[in-house]
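Colleague: Got a minute to go through this one with me? I'd like to start with a sheet and then pick at a few residues.

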Amino acid sequence: MTGVQTCALPIYPIDWKMRSGYLRATLPRTLGRDCAGTVVAVGEGVSGLGTGQAVAGVADPTKHGTHAEYAVLPASQVAPVPPGVLPEVAASLGVSGLSAYIPLVEDARLAPGARVLIHAGAGGVGSLAIQIARHLGAEVVASCGTANREYCLGLGASRVVD
């Protein structure tokens with residue numbers, strides 16, 4: 001386990017819905033899945049992470065979350081943040097990044113020459129999925145509203161569907 005002093009975290013729809021009472025949560029519970037911050041403690045057997053290091057992490061969904069001054073995260077779900085990457089950016093990549101990466105890379109095993117349709121290309125997951133798919137050499141068609149057409153094309157979509 002790794003102790004992180006948080007400095008940035010996203011608020012997802014599930015978080016505000018639980019906070020507002022639209023979804024039930026077993027209490028007590030700390031909301032939040034992603035965060036960025038500084039390592040303040042590392043558990044026994046943890047390697048590659050040290051105190052004072054800038055990191056981003058994803059909390060275990062069955063445990064307490066990251067909407068707190070400090071979060072305890074599984075070391076396997078914490079990654080160093082490269083120099084120059086703002087904590088606000090790093091914190092936004094955890095769940096959204098995994099939600100884009102797992103279906104494209106691990107499940108579909110997307111390869112050069114493949115064609116993929118990515119819905120909601122301007123959203124958090126969709127915008128990352130476009131970039132991952134292009135990086136893997138796939139042709140990307142993205143759905144988005146007219147206002148986001150150029151944005152999705154700029155991320156790597158070869159065509160957009162409104």
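Modeller: Sure. Keep in mind that this is a predicted model. There's an open sheet of 3 strands, in the order 6-7-8, with parallel pairing.

Colleague: Which are the edge strands?

Modeller: Strand 6 (115–118) and strand 8 (159–161), each of which pairs on one side only. From one strand to the next, the twist averages 20°.

Colleague: How many bridges join strand 7 to strand 8?

Modeller: There are 3, and the two strands run parallel. Strand 7 covers residues 139–143. As for who faces whom, Ala142 stands opposite Val160 in strand 8.

Colleague: OK, now Ile118. Where is Ile118 placed?

Modeller: In strand 6.

Colleague: And is Ile118 buried or exposed?

Modeller: Buried, because its relative accessibility is 7% and the cut-off for buried is under 20%.

Colleague: What is Ile118 in contact with?

Modeller: Skipping neighbours within four places in sequence, Ile118 contacts Gly126, Ala129, Ile130, Ala133, Val140, Val141, Ala142 and Ser143. Take Val140: it's 22 residues apart from Ile118 along the chain, with 7.1 Å between their C-alpha atoms.

Colleague: Switching topic, which strand holds Thr2?

Modeller: Thr2 sits in strand 1, residues 2–8.

Colleague: Why does Thr2 count as buried?

Modeller: Because its relative accessibility is 1%, and anything under 20% is called buried.

Colleague: So what does Thr2 touch?

Modeller: Leaving out residues up to four places away in sequence, Thr2 touches Val39, Ala41, Val42, Val46, Leu49, Ala71, Val72, Leu73, Ala75 and Val78.

Terms used. Residues are numbered from 1 along each chain as its sequence is written. This is a predicted model: local features need pLDDT of at least 70, side-chain atom pairs count only at pLDDT 80 or more; totals for chains, interfaces and linings use all residues. Side-chain values use heavy atoms; hydrogens and water are left out. Two strands pair if DSSP finds at least two bridges between them. Helices (H or I, at least four residues) and strands (E, at least two) are DSSP runs, numbered from the N terminus. Axes are lines fitted to C-alpha atoms, for helices over the stretch in contact, and angles run from 0 to 180 degrees between N-to-C directions. Buried means under 20% relative accessible area, exposed over 50%, partly exposed in between (1.4 Å probe, protein chains only). Contact means heavy atoms within 4.5 Å.
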